[in-house]
Each structure stands twice: as structure tokens, then as C-alpha cells.
Amino acid sequence: MSAITDRRERERAQRHQLIITAARELAEAEGWEAVTTRRLAERVEYSQPVLYSHFDGKDAILRAVAIEGFGELAVRLRRARLATPEPPQALHAVCRAYLEFATEQPALYQAMFVLPTDVKFGHAETPPPLRAGFDEFVNCFRPDNPRRGLFAEVTWSALHGMAALSAGGRIPPNGMTERLDLLVTQIADG
């Protein structure tokens, strides 16, 4: 590859990331309804055709944001699990990290788990960052447990319910610690 081709590829990758970052920032500030290709083009100071040369539209941008978020979540969950390697404590740490992530970055969490995307869960096409995050839950259970994948799935489902209900104001946030303790105690004993 020539130096010019390398530079063009770097610039293209930088524009791609700039669009993703701008979408995230706009969504966190004003909600996903505010994220339009026109507003993003204005925000990143590129024309809409340049934006469309990177993404087919808002759905593709949302997918890219979600996949980036899955990668960030996986890193956070791994860090939490490795900081407390014993199974019940590791599970508690991973669960707490998950809920903190959902609370700290609500628009990103929405892109990952609430808004419709074509991101496949539990399929051959599941993106590696999503698999990595799920594996952190699996790794919180004993390797000799043949149902550890199921336990991880149920834990994740319960956490998502807590995060969604809390974000919607359906359950009070001040009871989150007690709910988390109950979940970990019940699932870890199973």
C-alpha cells in the first residue's frame, strides 16, 4: 500500500469514528430522536453524501454505536470479574458493573438493548464484543456447572429488567443494592 492509500484509509476510519462519537454525544444530550443524518452531517461538518458513504442511514449508525457499546461493556465486565475472582463475589461485581454502565450511559444502553437493530444475540452472527460481554457472565459460574450458560442468560435478563424498569422510573433506584444482592444470592446458590 502506498503512503497516500494508508493516509486515506486512516482519514476514512477517523471520519467513521467521528460519526459514531457524534451520534453517541447527540443521543446522550438530546435522545435518539434527535439523531438524524442531517444533524450528524452538520455536527461532524461533512455533507450527508459523505456520511452515507460510511453508513447506509441511521439504523447502520445505531448498529455501529451498539457494537462499540458492547465492546466497552465487555471491558468493564471483565475488569469487574477479574478484580474479584471468587464466583459469588465475581458475579456480584459483574452485575453491579452492568447496572452502573446502564445508569451512566442511558442512550448507549438504549442503542445496545432497547432500540431495534439487526444485531443478533445468541447466533453465529453475534458480534464478538457482544459474545465477550456475555462470556464475562458465564465465567462467573463454576466451570463444572453444565448450565452456566443458562445461569448467565437468566442473570443478564434479570439485570436488563432492573435497568429498564429503573430507567423508566417503574422501580425506585434506592432499592437496587437489595435487588442485586437477592439476585446474586439466589442465582449463585442455584
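These legends accompany close-up views of a predicted model.

**Figure 1. Overall view of the helical chain.** The predicted chain holds 9 helices and 0 strands. Read from the N terminus, the order of elements is α-α-α-α-α-α-α-α-α. The C-alpha trace spans about 55 × 40 × 25 Å along its principal axes. The chain has 190 residues, and 40% of them count as buried. Its exposed surface comes to about 10700 Å². Carbon and sulfur atoms supply 54% of that surface. Take the contacts between residues at least 6 apart in sequence: 60% of these join residues at least 24 apart.

**Figure 2. The largest nonpolar core, with Tyr98 and Phe137.** This core contains 55 residues. Tyr98 and Phe137 touch the most other members. Elements giving two or more residues to the core are helix H1 (3-30), helix H2 (37-44), H4, H5, helix H6 (106-113), H7, H8 and H9. H5 supplies the largest share, 10 residues.

**Figure 3. Close-up of Phe137 and its contacts.** Neighbours up to four places away in sequence are set aside here. Phe137 then touches Leu77, Val94, Cys95, Tyr98, Ala152, Thr155, Trp156 and Leu159. Tyr98, one of these partners, shares with Phe137 the top place for contacts to other core members.

**Figure 4. Arg81, a buried arginine in helix H4.** Helix H4 covers residues 58-83 and includes Arg81. Arg81 counts as buried because its relative accessibility is 14%, and the cut-off for buried is under 20%. Beyond residues up to four places away in sequence, Arg81 touches Ala90, Val94, Glu136, Asn139 and Cys140. Val94 is among the contacts of Arg81 and also among those of Phe137.

**Figure 5. Leu130 and its surroundings in helix H7.** Leu130 sits in helix H7. Its relative accessible area is 6%, so Leu130 is buried. Outside four places in sequence, Leu130 is in contact with Phe70, Val119, Lys120, Phe121 and Trp156. Trp156 is also a contact of Phe137. Arg63 lies 67 residues from Leu130 along the chain. The C-alpha atoms of Leu130 and Arg63 are separated by 12 Å.

**Figure 6. The largest pocket.** Its volume is about 270 Å³. There are 15 lining residues, and Leu99, Glu100, Thr103, Ser166 and Met176 are the closest to the pocket centre. Helix H5 (87-104), helix H8 (148-167) and helix H9 (176-188) are the elements that each give two or more residues to the lining. H5 gives the most, with 6 residues. By class, the lining has 9 nonpolar, 4 polar and 2 charged residues. H5 thus recurs across views: it gives the most to this lining and supplies the largest share of the core in Figure 2.

**Figure 7. The second largest pocket.** About 200 Å³ of space lies in this pocket. Its lining consists of Phe121, Gly122, Thr126, Leu130, Arg131, Phe134, Asp135, Glu153 and Trp156. Helix H7 (128-138) and H8 each give two or more residues to the lining. H7 provides the largest share, 4 residues. The lining divides into 4 nonpolar, 2 polar and 3 charged residues. Leu130, shown buried in Figure 5, is one of the lining residues. Phe121 and Trp156, both in contact with Leu130, line this pocket too.

Key
Residues numbered from 1 in each chain as written. Predicted model: local features only at pLDDT ≥ 70, side-chain atom pairs only at ≥ 80, totals over all residues. Heavy atoms only, no water. 1 Å grid on protein atoms, 1.4 Å probe; cavity = no way out; pocket = protein on both sides within 12 Å on 5 of 7 lines; lining within 4 Å. Points joined across faces, edges and corners; volume = space filled by probe spheres on them. Nonpolar A, V, L, I, M, F, W, Y, C, P; charged D, E, K, R; others polar. Buried < 20%, exposed > 50% of the residue type's maximum accessible area, 1.4 Å probe, protein only. Contact = heavy atoms within 4.5 Å. Areas by Shrake-Rupley, 256 points an atom, 1.4 Å probe, with all protein chains shown as cover. Core = buried A, V, L, I, M, F, W, Y, C linked by side-chain atoms within 4.5 Å.
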